[in-house]
Amino acid sequence: MAKKLCGTKYPVSICFIVVNEFCERFSYYGMKAVLTLYFLTYLHWDKDLSTAVYHAFSSLCYFTPILGALIADSWLGKYKTIIYLSIVYVIGHVVKSVGAIPTVGSSDVHIALSMVGLILIAFGTGGIKPCVAAFGGDQFDEEHGSERQKFFSIFYMSINAGSLLSTVITPILRSDVQCFGGDCYALAFGVPAALMIVALVVFTVGSGMYKMSPPQGNILLEVCNCIGFAIKNRWKRSKYDSQKKHWLDWAEEKYSKRLIQEIKMVLRVLVLYIPLPMFWALFDQQGSRWTLQSTRMNMAFGHYFTIEPDQMQMLNALLILLFVPIFDFIIYPLIGLCKIKVTPLRKMAIGMIFAALAFGAATLVEIDVVKSVVDPAPAGKCLLQVFNLAEGDVSLMIPGSHLFKEPIPNLQDPAQYETLPASGEDLQFQVTFNGKTSECNHTFLQREAYSLILYPDAAGIQCNVVSDYIKKNDNGKPLLRFLNTQPEAINTTVGEVSFHLPSDYSVSPNETVNRGEYPAVSCSSTSGKCSELNLGLLDFGASYTFILMEASGQIVAHRMEDVKANSVHIAWQIPQYVLLTIGEVMFSITGLEFSYSQAPANMKSVLQAGWLLTVAFGNVIVLIVAEGAGLEQWKEFLLFAGLLLGVCIIFSVMANFYTYVNPDQLDKTRMEDSGREEDDDDEDHVKNKFNDVKLNKRGKSTRL
């Protein structure tokens, strides 16, 4: 007799299973929350490759549950499968965390460790996915069905709680804790690794209390074998044998009619699964494309609170906890009172529409977001902005160009970059100041960006050209550099970043600093003229050049904004998360309930496998589009929205021809089919005996 919780009918063992699931989900979602930015900022991959690898990993996580189910049901059993694959899971996390330590090997070593770690994690999380919930259900006796149902509610609450907390905490560990001179990905991956170790230890501690069932064979494998045999048999014998009413009937000579009938029921549902991957192609972009969109938005809520770009994903987990009871207890009952018939398949179609609307909202946001982005120069061109440090207006003339028609005022912050031809040869331009004209020559490379610094000396105007970094920072933080006009070196520290600025119009490299107000930045120089600098607000996504010059005997910083700050607030992403989560509630939850109600009890694992495969193939779609389409981001969002609406129409047509099965009749039908099968077997046995006698009398073979 299993121990019960405080006199209830709940076995004590489920406590270990629930805690295990919470820690495992924290581990998985916490690691995955920072994964895209890890690819982008640590491994220095571009956005398309980062997105593709992210979705390749997600896809593998949903292919491997099939393997886990086969191992558990056909070989090891659920308990041992969970233990062994959890060990693989832990090893994957540890390898992934070690790969995020900058001092461990070269970039190639980091990539190799990261990929090996992700593959192990995918096999671990996917392999135990079909086992843990089922193992928890096994702990209950058959007469405790209501307690089992409540257990599953608690179980799925623990999943969402782990997801919610991890997507809040791990981005903070990544950004707020600095290690090895930058964002601490080693810690952000290490904490989920520690939680997975806790999950394994907790699950193992409860081993003496579990009710364990031996492997009883995998129904999915049996279904696949039956389908394969039917196809093979039809191919071999259709030319000379009588036709069957259904192609699966060709398996009757090896498999029971009851199994064949159940497979027919399952296939009716699985056909409806064909359009479903497109929904998941949109849904799973929360952790990739939507996170990348967040990095180019203003993430400040007031003066004291900011959100990390990879924290926005927590909205989905939070909204799920909010929307599920609202839909179950308010919206659906109200629709029922209005005598509106909304079938499960119609709910799923409406969920697809909401997901498409979410990407429509994301498209509108993206169009505004890119307004603060500097477009790179096309082939054969370069970008140029001019800083005039002379004490008066300067005229600039470039032969063969109509740019810079108006004089350039002193210390004017350029409104935008101008586009110049870049042939790879010296470009000559003339600079006029106080009636004196100077000539400058410089070689400009195509698709590069430059700043032309004009400053006075005894001979007139001198020119200095420096390369600019016009891309917004991948993590959304501001970039900063200094131009020192003084005849002495200056040292300054902004936050945790130190700058050493040589004399005579030298320019420092761009450095990443945290977003915030910097009214009194310390600085030092030999003359003592530099003690504090007022840099003001350094905002998200901007790139700044601060020109250090003398005014009233003190060194001051004059600000130039090379790349504009992110102008669209991250709160504008909330509508798309709301729409997508509504879509998830109507599509995903309804879809699972519908699928389970339309097939026999012993076929539910087959439908679970089919459902997980739709998620896997959805991620494959994103992988293909991210690497192959090459579209601007807003066009890609619009493409996905249009594709899902098209798929929704196809799904609606398919659903219109679907005939619902009463779930209460399924087991009854199965019993009737079983009875008929026994009668048919008796009848076939008599017929075969009679035929054997006739064939033997004629001297012919008794078998074909």
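Me: Why is glutamate 561 called buried in this structure?
Reply: The model is a predicted one, and in it glutamate 561 has a relative accessible area of 17%. Buried means under 20%, so with its 17% glutamate 561 counts as buried.

Me: What makes lysine 564 partly exposed?
Reply: Lysine 564 has a relative accessibility of 34%. The class called partly exposed runs between 20% and 50%, and therefore lysine 564, at 34%, is placed there.

Me: How do you know that glutamate 561 and lysine 564 form a salt bridge?
Reply: Their side chains meet with N and O 3.9 Å apart. The rule asks for a side-chain nitrogen of Lys or Arg within 4 Å of a carboxyl oxygen of Asp or Glu, so this pair, at 3.9 Å, qualifies. Other salt bridges share partners, and these join Arg174, Asp183, Glu308, Asp310 and Lys477 into one network.

Me: Why does the pair of glutamate 308 and arginine 174 count as a salt bridge?
Reply: The N to O distance between their side chains is 3.1 Å, and because the limit is 4 Å, the pair satisfies the rule. By this rule the count comes to 17 salt bridges.

Me: What makes aspartate 48 and arginine 289 a salt bridge, and which parts of the chain does the pair link?
Reply: Their closest N and O atoms are 2.9 Å apart, which is within 4 Å, and therefore the pair is accepted. The pair links distant parts of the chain, with aspartate 48 in helix H3 and arginine 289 in helix H11, 241 residues apart.

Me: Why are aspartate 48 and arginine 289 put into the classes they have?
Reply: Aspartate 48 has a relative accessible area of 30%, which lies between 20% and 50%, so aspartate 48 is partly exposed. Arginine 289 has a value of 2%, which is under 20%, so arginine 289 is buried.

Me: How do you know that valine 12 is buried, and where is valine 12 found?
Reply: Valine 12 has 19% relative accessibility, and because the limit is under 20%, valine 12 counts as buried. Valine 12 is found in the segment before helix H1. Leaving aside neighbours within four places in sequence, valine 12 is in contact with Lys3, Lys4, Leu5 and Met209.

Me: How do you know that domain 1 and domain 2 touch?
Reply: Contact means heavy atoms within 4.5 Å, and by that test 31 residues of domain 1 are in contact with 31 residues of domain 2, so the two domains touch. Between them they bury about 2700 Å², 67% of it on carbon and sulfur atoms. His55, Tyr62 and Leu164 supply 21% of the area that domain 1 buries against domain 2, more than any other three residues.

Me: Which polar links does the interface of domain 1 and domain 2 hold, and which element gives the most to the side of domain 1?
Reply: Across this interface the rule finds three salt bridges, and 12 residue pairs are in polar contact between domain 1 and domain 2. Helices H2, H3 and H6 each give two or more residues to the side of domain 1 that touches domain 2, and H3 gives the most, with 14 residues. The residues of that side divide into 17 nonpolar, nine polar and five charged.

Conventions. Residues are numbered from 1 along each chain as its sequence is written. This is a predicted model: local features need pLDDT of at least 70, side-chain atom pairs count only at pLDDT 80 or more; totals for chains, interfaces and linings use all residues. Side-chain values use heavy atoms; hydrogens and water are left out. Buried area is the accessible area (1.4 Å probe) that two parts lose on being put together, summed over both. A polar contact is a pair of N or O atoms within 3.5 Å; within protein, one must be able to donate a hydrogen and the other to accept it, and residues adjacent in sequence count only if both atoms are side-chain atoms. Helices (H or I, at least four residues) and strands (E, at least two) are DSSP runs, numbered from the N terminus. Ala, Val, Leu, Ile, Met, Phe, Trp, Tyr, Cys and Pro count as nonpolar, Asp, Glu, Lys and Arg as charged, and the others, Gly among them, as polar. Buried means under 20% relative accessible area, exposed over 50%, partly exposed in between (1.4 Å probe, protein chains only).
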